[in-house]
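Please find below my notes on the model, set out as numbered points. They take up a hairpin, the nonpolar cores and a pocket in turn.

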Amino acid sequence: MRGTYPDVANDIDELQAYAIQATVVRDAYGNEIAGFKAGLTSLAAQRRFGVDQPVVGVLPESGRLSTGVTLTMTPGLKIEVEIGFLVGEGDQPAAMLPAIELPRMNYADMKDVTLTDIVATNVSAYEYIAGKTSPLDPDVRAYQVSLDKDGKELFSAFGSDALGDPLRSYEWTVNKIRSLGYKLKPGMIVITGALGRVIDAEPGTYVAHYGPLGELKFRIREQDDALQTPRQ
């Protein structure tokens, strides 16, 4: 969805919103699904929308990017530092990886956004950067992460921001995926929710640090620059 997201009727429930999401995903991506994302994994985000659990969205294969990419500014673009997992046999996590999610929250008025709006619009899934995989670490909740812009730190946070533990968030997300009828396959990725603040995207050079998981780099340029420089 490139334009402003449509408003969803206020009288639908969560299951109806997920049914709308499934239609949106099928029409937009077909079978080209790279994995899934958890949203609203922090208490602050849940309180904002009056809920007591996270939500699930679908990650399109077309949105997968690599570290070092240059992106063009687009309305509603956000930046989230996350920890992801590679799905293995039996839906168990086979490895973990650093991830940057770049959701596009282009709602007409954020004051009117409800849980059903978020779910129906596929939890604002747009693009994401997936780093190299590393062996699982049961202590990943203690990992400290940070995000720099143009050499200045914007924030630091811990893995425990994602539902208390990214591994717990992974388990919750997988169970929710199953309950919704989505197909989870080995090789897919699951990203487990924002660590620290969700940042409004602005032009600049960004570096996210993940401790033992390494770092991810990307640049965001003005739209005018895109007319002169091809996307990398």
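1. Strands β8 and β9 form a hairpin with two residues between them, and D150 in the turn has a positive phi of about 50°. The two strands, residues 144-149 and 152-158, run antiparallel and are joined by six bridges. K149 has K152 of β9 as its bridge partner. Strands here are DSSP runs (E, at least two residues; helices H or I, at least four), numbered from the N terminus.

2. This is a predicted model, in which local features need pLDDT of at least 70 and side-chain atom pairs count only at pLDDT 80 or more, while totals for chains, interfaces and linings use all residues. Residues are numbered from 1 along each chain as its sequence is written, and side-chain values use heavy atoms, without hydrogens and water.

3. The largest nonpolar core (buried Ala, Val, Leu, Ile, Met, Phe, Trp, Tyr and Cys residues joined through side-chain atoms within 4.5 Å; buried is under 20% relative accessible area, 1.4 Å probe, protein chains only) has 57 residues. I79, I100, L102, F218 and I220 have the most contacts inside this core. A second, separate core of eight residues includes L59, L97, Y128 and I191.

4. Not counting residues up to four places away in sequence, I220 touches (heavy atoms within 4.5 Å) L71, M73, L77 and I79, among others.

5. The largest pocket (an open set of points on a 1 Å grid over the protein atoms alone, where a 1.4 Å probe fits, with protein on both sides within 12 Å along at least five of seven lines; lining residues have an atom within 4 Å of a point) holds about 500 Å³ of space, the volume being that filled by probe spheres set on the points, which are joined across faces, edges and corners. Of its 26 lining residues, L40, A45, E80, M105 and V198 are the closest to its centre.

Terms used. Buried means under 20% relative accessible area, exposed over 50%, partly exposed in between (1.4 Å probe, protein chains only). Two strands pair if DSSP finds at least two bridges between them.
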